[in-house]
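Here is a short tour of one protein chain. Look over the sequence and the 3D view, then read on.

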Amino acid sequence: FLVFLHRWLGIALCVLFLIWFPSGIAMMYWGYPDVTVADRLERAPALEPRSVRLSAAEAYATLGLDGSPDRVRLASFDGRPVYRFAEGTVYADTGEEQVEVSTLMVRRIASAWTRQPAHEAAVARVEELDQWTVQQNLGAVAPLWKFSWPNGEQVYVSQATGEVEQYTTTASRIGAYLGPIPHWFYITPLRKHGPEWSRVVIWSSGIGTFAAILGIVVGAWMYSPSKRYRRDGAPSAIPYHGQKRWHMVLGLVFGLATVTWAFSGMLSMDPFPTERGGPRPGDRPDIPQALRGEMQFAAFAAKHPARALTELAGRQVKQLEFACFAGEPLYLATLGDGTTRIVPLDAGPRETFDRTRIADVITAVAPSASTRVIDQYDRYYLDRRRERPLPVMLVELNDEEHSRYYIDPATARVVGSYSDANWVGRWLYNGLHSFNFPWLYNYRPLWDIVVIAFMLGGTALSVTSLVLAWRFIGRKLRRPVPGATRRRMSDDLALAD
């Protein structure tokens with residue numbers, strides 16, 4: 001019965017497994033096209049002190065609102081400096097509010113992104129989701145315009161927000177077709193229907209997990225350490241030959257990895273209600289809030305943003321955030337390369353916060369917490385591309401869930417967190433699906449070699465499954481229908497007569 005179940009589930013899913021493994025290799029190096037914060041910073045113009053004529057308070061006053069904003073950023077829009085408030089966007093050079101995004105503005109934004117003339121692009125309005133916008137809520141960004149240049153660059157600009165919502169190149173699209181699209185079932189007619197797509201992924205990966213477990217059970221059951229089987233007249237531990245033999249051998253070697261990948265892939269869709277993310281709020285101290293404190297908007301009058309930019313002369317400042325550290329107001333400048341600089345209101349720029357001061361702030365709200373600096377990724381804070389900041393300060397709370405926070409001294413902000421409440425996401429999903437263990441990540445290409453080896457083994461296992469399924473179905477199709485042989489014999493005799 002187990003063999004019967006495994007065989008027919010394998011016939012149904014062998015093609016999917018054969019897609020999952022090679023596309024998983026591709027996904028190690030190519031992701032789905034997306035517009036990241038780093039992309040926006042790279043293409044944004046540097047802020048010029050002389051173009052920032054209004055203070056943040058003057059710009060906010062043009063909105064006609066009482067009180068003060070909770071968050072303020074000085075950035076760029078359509079090549080001009082703007083103050084971005086939660087309540088609206090105001091140009092820092094003229095004080096006018098940005099309300100409507102014109103078609104001409106959309107063309108300028110698209111052209112600035114690729115640094116190519118807009119008239120050389122084919123322009124089309126996106127009326128329905130396509131392969132590269134299936135993740136979007138079209139209603140929130142419509143009207144959405146697609147600009148396609150002859151060199152393969154494609155830019156999607158929302159006229160509702162004036163933001164670039166998607167950007168692809170020929171290379172990124174090819175990488176997506178080799179990796180994420182087949183691996184995630186990102187087929188446009190399916191993916192644009194979110195609930196249906198989610199159910200397909202969950203059920204296919206769940207049934208695949210069950211089929212792989214059955215394969216391991218059958219393989220272990222049939223395997224004979226005492227070599228009670230005979231093969232070509234010699235004792236054998238495996239009763240099969242040909243493709244079946246290869247399938248059993250590969251299944252015993254790579255079957256467990258197949259189970260873990262199929263199961264963890266299902267977990268990526270969150271089929272069971274679980275808590276993920278960082279430590280849960282409650283009675284425990286709010287470390288992020290303690291580090292920030294309450295922003296004092298009026299205090300920024302002590303140093304005009306243009307002056308802060310002047311103090312950072314020679315650096316490509318792309319964004320100036322009105323921030324605070326433990327209630328102390330300051331500017332946090334983001335440079336083109338993603339690094340930051342701190343500009344206090346009463347002093348010159350510096351690169352990092354005082355680590356002792358950070359530790360004091362944490363100790364004030366969590367006296368039992370331990371704090372130390374780590375300069376290598378650990379099992380809960382890691383990145384195989386090594387893009388997450390290092391060194392960081394590790395804060396461990398003495399609570400029931402073993403909460404831990406990772407704080408970047410350059411920004412005094414939490415850049416990672418973990419607690420026992422989200423162990424499922426860390427170990428059963430990320431751990432099993434990506435093999436993201438520090439002893440592999442920190443010694444690349446060891447991680448690449450190990451993962452690719454298992455992926456190739458899974459691919460070979462899937463190939464044998466496909467061959468066996470093809471042969472089995474072929475035999476079924478060639479099998480004569482009951483009574484058909486007698487009819488053919490009667491026909492032959494009639495023809496002979």
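Where does Arg386 lie? Arg386 sits in the loop between β14 and β15. Bear in mind that this is a predicted model. The phi angle of Arg386 is near 55°. That is a positive value in a residue other than glycine. Is Arg386 buried, partly exposed or exposed? Its relative accessible area is 40%, and buried means under 20% while exposed means over 50%, so Arg386 is partly exposed.

Asp270 also has a place in a loop, between α10 and α11. Helix α11 covers residues 287-292. Phi of Asp270 is near 55°, and this positive value again belongs to a residue other than glycine. Asp270 has a relative accessible area of 36%, which makes it partly exposed.

## The whole chain

Now step back. The protein chain holds 17 helices and 17 strands. Is the chain a compact globule, or more spread out than one? Its radius of gyration is 30 Å. The globule rule gives 23 Å for 497 residues. The value for the chain is well over that, so the chain is more spread out than a compact globule. Along its principal axes, the C-alpha trace spans about 110 × 60 × 35 Å.

How much of the chain is buried? Buried residues make up 46% of the 497 residues. The chain exposes about 26000 Å². Carbon and sulfur atoms supply 58% of that area.

Contacts also link distant parts of the sequence. Take the contacts with a separation of 6 or more. Residues 24 or more positions apart account for 59% of them. Charges can be placed too. The chain has 54 positive and 49 negative charges, and their mean positions are 13 Å apart.

## The cores

In soluble globular proteins, nonpolar side chains tend to be buried together. In this model, the largest nonpolar core has 43 residues. Those with the most contacts inside this core are Tyr32, Trp261, Tyr406, Phe435, Trp447 and Val451. Several elements give two or more residues to the core, including α1 (2-27), α9 (194-222), α10 (242-267), β15 (392-396) and α16 (446-478). Which element gives the most? Helix α1 does, with five residues.

What does Trp261 touch, beyond residues up to four places away in sequence? Its partners are Phe21, Leu432, His433, Phe435, Val451, Phe454 and Met455. A second, separate core has 28 residues. Among them are Ala59, Val317, Ala333 and Leu345.

## Strand β14 and a helix

Strand β14 covers residues 370-374. Ser370 is found there, and Thr371 lies in β14 too. Ser370 has a relative accessible area of 34% and is partly exposed. Thr371, at 29% relative accessibility, also counts as partly exposed.

Which residues do these two touch, leaving aside those up to four places away in sequence? Ser370 touches Leu394, Val395 and Glu396. Thr371 is in contact with Ala359, Ile362, Met393, Leu394 and Val395.

Now move to helix α9, the place of Phe210. Phe210 has 44% relative accessibility and counts as partly exposed. The table pairs Phe210, Ser370 and Thr371 each with a residue elsewhere in the sequence.

| Pair | Separation along the chain | C-alpha to C-alpha distance |
|---|---|---|
| Ser370 and Leu397 | 27 residues | 6.7 Å |
| Thr371 and Met393 | 22 residues | 6.7 Å |
| Phe210 and Leu5 | 205 residues | 9.8 Å |

## Two cis bonds

Which peptide bond is cis with omega near 0°? The bond from Ala142 to Pro143 is. Pro143 lies in the loop between α5 and β6. Strand β6 covers residues 144-148. The peptide bond from Arg444 to Pro445 is cis as well, with omega near 15°. Pro445 is found in the loop between α15 and α16.

Conventions: Residues numbered from 1 in each chain as written. Predicted model: local features only at pLDDT ≥ 70, side-chain atom pairs only at ≥ 80, totals over all residues. Heavy atoms only, no water. Helix = DSSP H or I, 4+ residues; strand = E, 2+ residues; numbered from the N terminus. Buried < 20%, exposed > 50% of the residue type's maximum accessible area, 1.4 Å probe, protein only. Contact = heavy atoms within 4.5 Å. Core = buried A, V, L, I, M, F, W, Y, C linked by side-chain atoms within 4.5 Å. Rg over C-alpha atoms; globule rule 2.2 N^0.38 Å. Areas by Shrake-Rupley, 256 points an atom, 1.4 Å probe, with all protein chains shown as cover. Lys, Arg positive; Asp, Glu negative; His and termini not counted. Charge placed at Lys NZ, Arg CZ, Asp CG, Glu CD.
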